[in-house]
Each structure stands twice: as structure tokens, then as C-alpha cells.
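User: Please take a close look at one part of this structure, the residues that UniProt lists as binding sites, and describe what surrounds them.

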Amino acid sequence: MARVLMSILPGSSVKREDHDDDYSVDYSFAIEYSGPALSHDIPQVVPVDVRLIPTAAVAARAATVSNLSLPVIQPIVKKSDLGKSGNHGRVYSRKPEDFYHRDGAQSSSSSGTLGFSDGHCDSNQLSCSSDIEDLDDDNKACVSYNENNSNSKSSNLNQDVQDSADEVSNQINNRTSVVTFRDISDSTSEESEESHHDEHAMIPEKPMVLDDVKKGVCYKCRKRNRFGEKEVCIVCGAKYCRKCVIRAMGAMPEGRKCITCIGFGIDESRRGSLGKCSRMLKKLFTDDVVKQIMSFEVSCGVNQLPPHRICVNGKPLSIEELVVLQSCSNPPKKLKPGKYWYDKVAGFWGKDGEKPSQIISAQLAVGNQIRQEASNGNTNVMINSRVITTPEFWMLKLAGIDCEGSPHFWVTADGSYQLEGMNYVMGKLWEKKLLRLVCAALSLPFPSDATNPDGEDVDKERDKVNLKNLEQKMMNKLLLIGCDQSGTSTIYKQARILYKVPFSEDEKQDLKIMIQRNLYRYIGILLEARERFKEDHAIELRRRYINEPGPSDISNLVDENNIYSFSPRLEHFSSWLLQLMISGNLEAIFPAATRENSPLVEELWKDKGFQAIYKRRNELHTLPKVANYFLDRAAEISRVDYEPSEMDILYAEGIRSSNGVASMEFSFLKSSQAEYMESVDQNDTSVSYQLIRVHASSLGENLKWLEMFEDVDIVLFCVSLTDYDEYYEEINGKRTNKMSLSKKLFEGIVSHPTFSEKHFLLILNKFDLLEEKIEQAPLTQCDWFQDFNPVISRYPNNASNNSNPTLAQRAFHYVAVKFKRLFESITGRKLFVSRATGLEADSVDKALGYGKEILKWDYERNTFSMNEWSSESIEPSTSV
Ligand SMILES: Nc1nc2c(ncn2[C@@H]2O[C@H](COP(=O)(O)OP(=O)(O)OP(=O)(O)O)[C@@H](O)[C@H]2O)c(=O)[nH]1
Ligand SMILES: [Mg+2]
């Protein structure tokens with residue numbers, strides 16, 4: 001058997017088996033012939049396998065010619081022939097069945113061939129069992145073919161786009177029965193073995209796209225329409241307008257590829273968009289056809305990952321290894337060509353020179369042995385013969401594992417760890433409390449089945465994982481950060497309630513303790529004030545009684561009549577609590593002391609003296625505004641059986657008293673999408689988000705721990721709008737304006753090298769409080785805001801009138817511009833700003849939704865994925 005490439009040039013004749021008449025060939029075609037070795041000895045007419053392959057020049061035109069339908073022509077180009085030019089510059093080395101999947105069946109990259117050879121013709125088949133005559137006579141060939149399409153000679157190239165689309169749809173719908181090939185067993189087993197083995201190695205990489213095409217110009221008709229939708233070839237990136245797409249891409253047997261790119265491997269940066277339909281296709285074809293095209297795009301062999309381009313522990317993978325890797329119960333997600341390291345013992349997986357990004361199934365027979373320097377760690381601490389990275393070192397430390405003396409740990413897939421050479425399991429890593437949280441915050445992987453180590457049915461689990469992979473889940477990380485009291489905790493908790501990420505029983509318990517402790521703190525602040533109020537009142541009473549005739553024991557009289565006096569029992573409780581606060585032991589004694597003190601709180605609340613202090617709570621600047629919410633229900637909250645409601649959790653100050661980091665995964669609500677986003681946001685359900693909230697105080701000196709968050713996608717910097725007239729007092733009495741502190745932290749974070757490329761969204765929080773405050777305290781109280789000089793409107797309080805903003809709105813706008821200018825002066829880039837009221841769900845939804853919009857816009861701009869229109873026309877509108 002041999003394979004020969006020939007050409008049918010214009011002017012050749014094509015003979016139909018069922019007709020006597022010859023048809024002349026209008027365009028040049030290449031023919032792949034696989035049959036007996038050709039010599040002058042063979043008979044004039046031999047049955048052979050022949051494929052018609054349009055040469056590049058006519059390929060596009062042929063797409064609209066029904067009887068030379070492209071789906072039958074599925075070329076693959078040999079690497080050695082890459083770059084060859086000319087009419088018939090490609091030699092096709094793979095069997096057509098490699099590219100077709102009957103009924104859209106998924107290709108199996110391990111088998112190398114895909115069943116499609118049933119040896120019979122359907123009524124509308126174009127048969128490739130042909131007779132060849134005059135094989136070497138002036139490149140002329142006569143091909144006879146069966147097809148019942150009465151429009152066999154229709155070659156009207158000026159059909160409108162819709163006709164072409166219908167035509168393509170027909171071809172796609174009939175695709176499974178369009179071509180009949182000879183039995184694959186015809187080909188020698190040797191040949192199929194060989195092609196099987198280096199099938200992927202044979203897939204050529206993308207051809208270069210023309211680089212002289214201007215932005216917005218269709219690569220075919222060369223007409224410019226900047227905002228017109230374009231379909232993008234997943235191989236070379238060429239973009240075609242609606243009118244040209246079908247002519248340029250034909251019936252898309254391998255998905256959205258130019259005809260000249262069929263058979264080429266896809267551009268890896270576009271792997272994420274495989275199978276994700278664009279709006280243009282939806283408009284051109286029916287749902288079924290679109291589904292088929294997308295299914296071909298996802299499953300077709302040539303679009304699969306090339307194993308040799310995935311290198312694990314320094315070794316390029318074989319097909320078998322790739323199959324092992326991808327079909328394990330927990331495979332790497334979003335696998336792309338690249339160099340990776342893999343710790344077979346624990347299942348850690350990462351890019352060469354980087355920290356682990358995933359934990360995959362352990363003990364897979366892929367790649368070489370791991371190298372010590374695989375992840376480029378410099379900590380001197382080793383896990384399974386690899387020097388770990390700084391974030392991993394911190395993970396161990398935060399998990400309470402002693403890392404002194406550069407230990408070498410041996411960690412197994414279930415997280416059991418022991419010192420190398422010691423036969424003693426020291427504990428289980430993944431069972432450490434809070435480790436999941438720590439990992440999330442440090443962007444380290446946490447095993448997905450850690451909560452269910454026994455595992456479900458492996459097959460089910462695998463299906464789930466595969467499904468997940470197919471969906472190409474994408475995770476966007478949002479880092480929420482701000483000075484103390486800026487409202488980051490409130491926004492975080494609001495998001496949790498809003499996006500329905502429930503608090504676990506453990507978390508609820510922690511929050512309950514925190515709320516109860518806070519309650520005692522608020523009571524303590526009131527009791528501290530009582531001392532002052534009582535003293536002042538006593539002086540006043542003394543002055544009054546001294547001038548009045550009557551009993552001489554004024555002290556007793558003053559005490560009895562002082563409205564702030566307590567019964568001895570309450571007096572004792574008060575001194576005890578104040579003592580605790582002064583010594584800083586409040587945290588240590590509660591919640592243990594809750595049960596015995598709960599009745600006292602109830603008694604205190606009913607006491608007239610306490611109520612008298614409570615009435616004057618507004619005079620107490622150290623008492624947070626939110627304290628009222630809890631103090632109003634002091635008796636209820638102090639009880640042992642108290643269960644915090646969602647509202648209580650939201651209003652509680654902070655998240656957990658001792659932990660600076662919190663993290664949650666969530667998806668935005670459908671209803672929270674901006675209206676115009678819905679049409680283009682078709683893949684939104686496949687995108688999930690992670691909100692990481694970090695306490696500024698946990699970032700260490702010079703913000704050195706910021707680098708732990710190097711892979712966040714956007715930084716949400718939270719500033720309280722009420723900070724402008726508030727001061728932070730240091731122990732030495734030095735007072736600093738809180739807005740200046742926020743500014744300083746902002747400057748530090750923005751100019752930190754870790755975030756040099758990150759987007760920043762400034763969330764100006766506590767707008768509700770600003771509205772109250774600005775009427776009493778001018779913004780100019782803050783040195784940075786000295787030049788705030790709003791034009792006062794004659795109708796100042798009409799909030800609904802946009803053309804006539806309120807003073808608070810003007811102040812917000814002013815503050816936003818101040819930060820924007822500061823940001824630009826440091827980075828030369830644009831700062832996005834959103835205002836928020838952390839206690840209002842809608843407001844938080846809008847602010848976070850804005851962050852999402854920025855990320856989406858950035859993603860589209862970078863990948864320029866499938867819609868040029870969307871990238872060019874969507875610029876996130878800043879609210880300032
Ligand atoms: N009125 C009002 N109060 C708010 C708003 N945002 C936060 N707060 C309150 O401000 C206080 C501080 O908010 P937190 O969310 O705890 O601020 P944080 O300092 O960033 O977080 P932690 O340090 O964990 O406490 C809390 O009492 C909140 O209830 C807001 O938009 N409006
Ligand atoms: Mg706080």
C-alpha cells in the first residue's frame with residue numbers, strides 16, 4: 001500500500017459513476033490516494049481510497065459549493081511539510097476517521113484512531129471509493145463519485161450568508177453519513193501503530209496569522225468594522241466578520257478554525273474557550289448545529305492536548321502518561337502545555353519553579369522523579385524531597401508544625417506527616433483546624449476530598465471531576481483589605497449572607513463567643529463611663545446638699561441619691577469587669593464566665609442607674625455605633641443558649657477575634673449582573689470567585705506578607721468615609737488622622753511589587769454614616785481634604801436628582817478623585833472606585849459586582865477570546 005498526493009487542476013474531468021457525463025473541475029484540488037503502490041503495471045482503473053482536499057486558494061470558495069462539501073476533507077499536515085507553500089503544499093498523513101466521530105462521539109486520544117469506517121454509503125454520501133485513471137498523466141485525474149445531490153454543479157459563490165449557513169447546517173446534520181471510508185484494517189497494522197504512537201507529535205502547531213491586518217478588519221474581506229462581531233479562529237487567531245465566517249471556516253468540522261487551519265493544533269491560550277459558543281454562531285446556525293460544532297471542537301482529536309508538550313518533573317509525557325494523568329480521580333485542572341512538577345507521594349502539583357497549585361491524585365506513573373529545586377523553594381524545609389516555598393512554610397507554621405532546624409517531612413496523600421527516617425506519624429495535615437482557611441488565604445491548594453477522605457464511589461467522583469474540567473471552571477480571586485474599622489469584615493460577612501455561603505457550626509460558635517465578648521466590652525465601656533458620670537453627679541449633689549440644711553452625713557445622702565449608684569452586687573460585678581478590661585483578660589475569661597454572669601447582665605440591664613448611663617451613650621466616643629444593636633438585647637445575648645442570627649453576625653464587629661484572614665468561594669447571583677452584561681456573560685456560571693479578606697495588621701512589617709497574595713486578580717481596598725475626622729491614638733498619646741492612615745496603607749499596597757500589575761478597586765464604605773456626619777463635621781477637618789470646596793446648591797438635599805448631588809455625594813466624589821490621582825501618580829494606571837454601605841446587601845452586591853465587571857473586562861481584553869465586539873465595547877464604567 002502506498003500514499004500518493006496528486007492534484008486535480010482546473011480543467012480536469014470528474015466522472016460521476018451514475019452518470020455518463022463528465023464534469024469539468026472548476027478549482028484545483030489535491031487528492032490523497034492510499035492504495036497499491038502505483039506503477040505502470042497496475043490496471044487503468046483501480047478501486048482506491050481518495051480524498052478531495054481543496055487547495056488553500058479554493059478552500060474557502062469550496063465551502064459554499066455543496067457537492068464538494070468540506071466535511072469530507074479533514075487534513076492533517078505533517079510537521080515536515082509545514083511551511084511548504086504552493087497550491088498543493090500539504091501532505092496529509094492521518095486517516096480521515098481521526099477527525100470524525102460518529103454521532104459526535106468523544107475522541108480517545110489514547111487509541112489514536114477513531115472508529116468511522118463502516119464501508120457503506122448512505123443515500124447522500126459522497127463516496128471516496130473512486131476510480132483513478134491516468135494517474136501520472138499531466139497531473140490529470142478522473143475521479144468518479146456517488147452522490148445524489150441534484151445540485152452537483154452548483155457553484156454559485158455569491159449565495160448570501162444565510163444560504164451558506166443553511167448549507168453548512170445540512171452538512172453538519174448529515175455529517176455522520178457524509179463519507180464512507182474503506183475499512184481501516186486495510187491499512188497496515190504497522191502504519192497504524194506508528195501513527196498511533198506519535199499522533200500528537202504529528203499535530204503541527206498553529207500557523208502564523210497575518211500580522212498586517214489592522215484592528216477591527218475582517219481577515220477575509222478586509223473590511224473594517226471595529227464594533228462588528230467577529231469570529232476568531234482557535235488556531236491562528238484570524239478574525240472574520242459575519243459575512244465571511246462561513247466562507248472562511250466552512251462547516252467547522254474541528255470547530256472554529258479557518259479552513260487552512262484545519263488539522264492544526266489550537267492556540268493554547270484559547271483552550272478555555274473551546275466549546276463555548278459565540279453569539280455570532282448562535283445567530284448563524286440553529287441550536288443543534290451550534291451544539292454539534294461545539295462538540296466537534298471539544299472532542300476532535302487534533303484539538304486535544306499534545307502530550308509531548310506537557311513536561312512532568314523534566315520529562316515530556318507520552319500519550320499513555322497523559323491518559324493516566326487526565327483520567328485519574330483527581331486530575332490537574334485546566335491543564336495546558338508547560339513544565340510541571342509532581343510530588344507522587346502527596347499529590348502536590350505545580351508549575352516548575354512555583355508553589356503547588358493543586359493536589360491531584362497521588363502515585364500516578366507520570367514523569368520523572370521530583371527534583372529538590374522543583375518549586376524553587378528557599379526555606380530549607382523539605383516535603384517529600386522537595387524544598388518547599390515560603391507560603392508552604394507559613395502553612396506549616398500556621399498549622400502549628402515545628403519547622404525549626406530545616407526538617408525534612410514525609411507527607412502522604414492523606415496528609416499524614418512524619419519526619420524523614422522516623423517511623424512515627426506526627427499528625428494529619430489536612431485535619432488541622434483552620435488549615436483550609438490558611439491555604440485559601442495563601443493561595444495554596446487544599447485536597448478537595450479532605451472532608452470526605454473515605455471517598456465516594458471513585459467513578460462518580462471521576463465523572464464529577466471530568467465534568468468540572470469540561471466546564472473549564474475559572475476562579476477569580478478578590479483580595480479585600482483595609483485599615484481597622486474600615487468595614488472589611490462587614491463587607492465579607494454581607495457577601496457571605498448575600499451569596500449564600502452558610503456559616504458552619506464552628507464558625508457560628510466562634511461568632512457567638514465574639515459577640516458575647518463584645519457585649520461585655522460594650523458594657524465595660526458604659527461602666528467605665530459610669531465612674532465618671534457618677535463622680536460628676538456626686539460633686540453636683542454634694543454642692544447642692546452642702547448648702548441645704550439637714551442631716552450632716554452628706555456622703556450617704558449623695559450615694560443614695562446618685563442616679564448612677566448600683567446595688568452592692570452590681571457594684572461588685574462592675575469592678576470585676578473593669579478590672580478584667582484593664583488587665584486585658586476579657587478574652588481569656590469569656591466564654592467560660594458567660595453562664596454565671598448572664599443573670600447579672602440581665603439584672604444590670606434592668607437597673608435604673610445603668611439605663612441612665614445607656615441614655616448618655618452618644619457621649620461615649622469609644623463605644624462603637626453598632627453597640628446599640630447588641631446592648632438593646634443585652635440580656636438575650638448574654639444567655640448561654642443564645643444563637644446569633646444572620647443580622648447579629650453581620651452587625652458583629654470583626655469576623656473572628658483572633659484571626660486576620662477569612663476566605664470564601666462564591667458565585668454572583670444572576671440578578672446582580674448588570675443588564676448589558678447578561679448577553680455577553682454567557683459563561684458566567686462557570687466562573688467562580690474567591691473573596692479573601694485580610695486584616696492589615698496581619699501583613700507584617702513593611703507589608704512583607706503581601707507577597708502571599710501574589711495570585712489574586714484584583715485588590716479591593718476598603719476605606720471608611722467617616723475616617724476623615726477620626727483619630728487613632730497610640731499608647732504614647734500621639735494622634736494620627738485615620739484617613740491619613742488609610743492613605744498610607746493604600747500607598748504601601750499599591751506600590752508593593754507583588755501588586756504592580758493588579759487592578760485596584762477602591763471601596764469607599766460607610767456612605768450612610770458619611771451622610772449623617774458631613775452635616776456636622778466638614779471634610780476639611782482632614783489635612784488631605786483641605787481643598788474640598790463644594791458649590792452649595794440651592795436644593796441641597798435632593799438625593800434623587802443626579803444633576804444636583806448632595807453634600808455627601810460631592811464629598812464621596814471628591815475623596816474618590818483624591819485617591820484616583822494618588823493611584824495614578826504611583827502606578828500611572830486607572831483606579832476603579834465604588835461606594836458602599838457595608839450593612840446594606842444591595843450596596844455590597846454592587847461594589848463586588850463592579851469588581852467582577854473589571855475582571856471580566858480584563859479577561860476579554862487579554863484573551864480577546866471569541867468576541868472582538870465585547871472587548872472593544874465594554875469598558876467598565878467607573879462610578880466616578
Ligand atoms: N453604619 C455603617 N456601619 C458600618 C458600615 N460598615 C461597617 N460598619 C460598622 O463599622 C464597624 C467596623 O466594621 P468592621 O467590618 O468590623 O471593620 P474592619 O475593621 O474592617 O473589620 P475587623 O477589623 O475585622 O473588625 C462595625 O461595627 C460595623 O458594623 C457601614 O457601611 N455603615
Ligand atoms: Mg475591626
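Analyst: The starting point is F767, which sits in helix 24, spanning residues 767-776. The model is a predicted one. F767 has 20 other C-beta atoms within 10 Å, so F767 counts as buried, given that a residue is called buried if 20 or more other C-beta atoms lie within that distance. Setting aside residues up to four places away in sequence, F767 touches L721, A808, F812, R835, A836 and T837.

F767 belongs to a run of annotated positions. An unreviewed UniProt entry places the feature "binding site" at N765, K766, F767 and D768. Of these, N765 lies in strand 28, which covers residues 759-765. N765 has 30 C-beta neighbours inside 10 Å and therefore counts as buried. Its contacts, leaving out neighbours within four places in sequence, are S486, G487, I491, C718, V719, S720, L721, A836 and G838. L721 and A836 appear in this list for N765, and L721 and A836 are also among the residues that F767 touches.

The unreviewed entry in UniProt also gives the feature "binding site" at S489 and S658. S489 is found in helix 12, made of residues 488-498. With 23 other C-beta atoms within 10 Å, S489 is buried as well. I491, one of the contacts of N765, has a number that falls in the range of helix 12, residues 488-498.

Next come the helices around this part of the chain. Two of the residues that F767 touches are A808 and F812, and their numbers fall within helix 25, which runs over residues 807-827. Helix 25 packs with helix 23, residues 738-750, at an angle of about 30°, and the two axes are 10 Å apart. The angle between the axes and the distance between them are what is used to describe two packed helices. The crossing of helix 23 and helix 25 is right-handed. On the helix 23 side, the residues that meet helix 25 are F746, E747 and V750. On the helix 25 side they are F819, L822, F823, I826 and T827. The residues of this contact divide into 6 nonpolar, 1 polar and 1 charged.

In short, the annotated residues F767, N765 and S489 are each buried in this model.

How values were computed:
Residues numbered from 1 in each chain as written. Chains lettered and ligands numbered in written order. Predicted model: local features only at pLDDT ≥ 70, side-chain atom pairs only at ≥ 80, totals over all residues. Axes fitted to C-alpha atoms, helices over the stretch in contact; angles between N-to-C directions. Helix = DSSP H or I, 4+ residues; strand = E, 2+ residues; numbered from the N terminus. Left-handed = near helix turned anticlockwise from the far one by under 90°. Contact = placed C-beta atoms within 7 Å. Nonpolar A, V, L, I, M, F, W, Y, C, P; charged D, E, K, R; others polar. UniProt positions renumbered as here; feature names shortened; annotations may be inferred. Buried ≥ 20, exposed ≤ 12 C-beta atoms within 10 Å, placed from the backbone.
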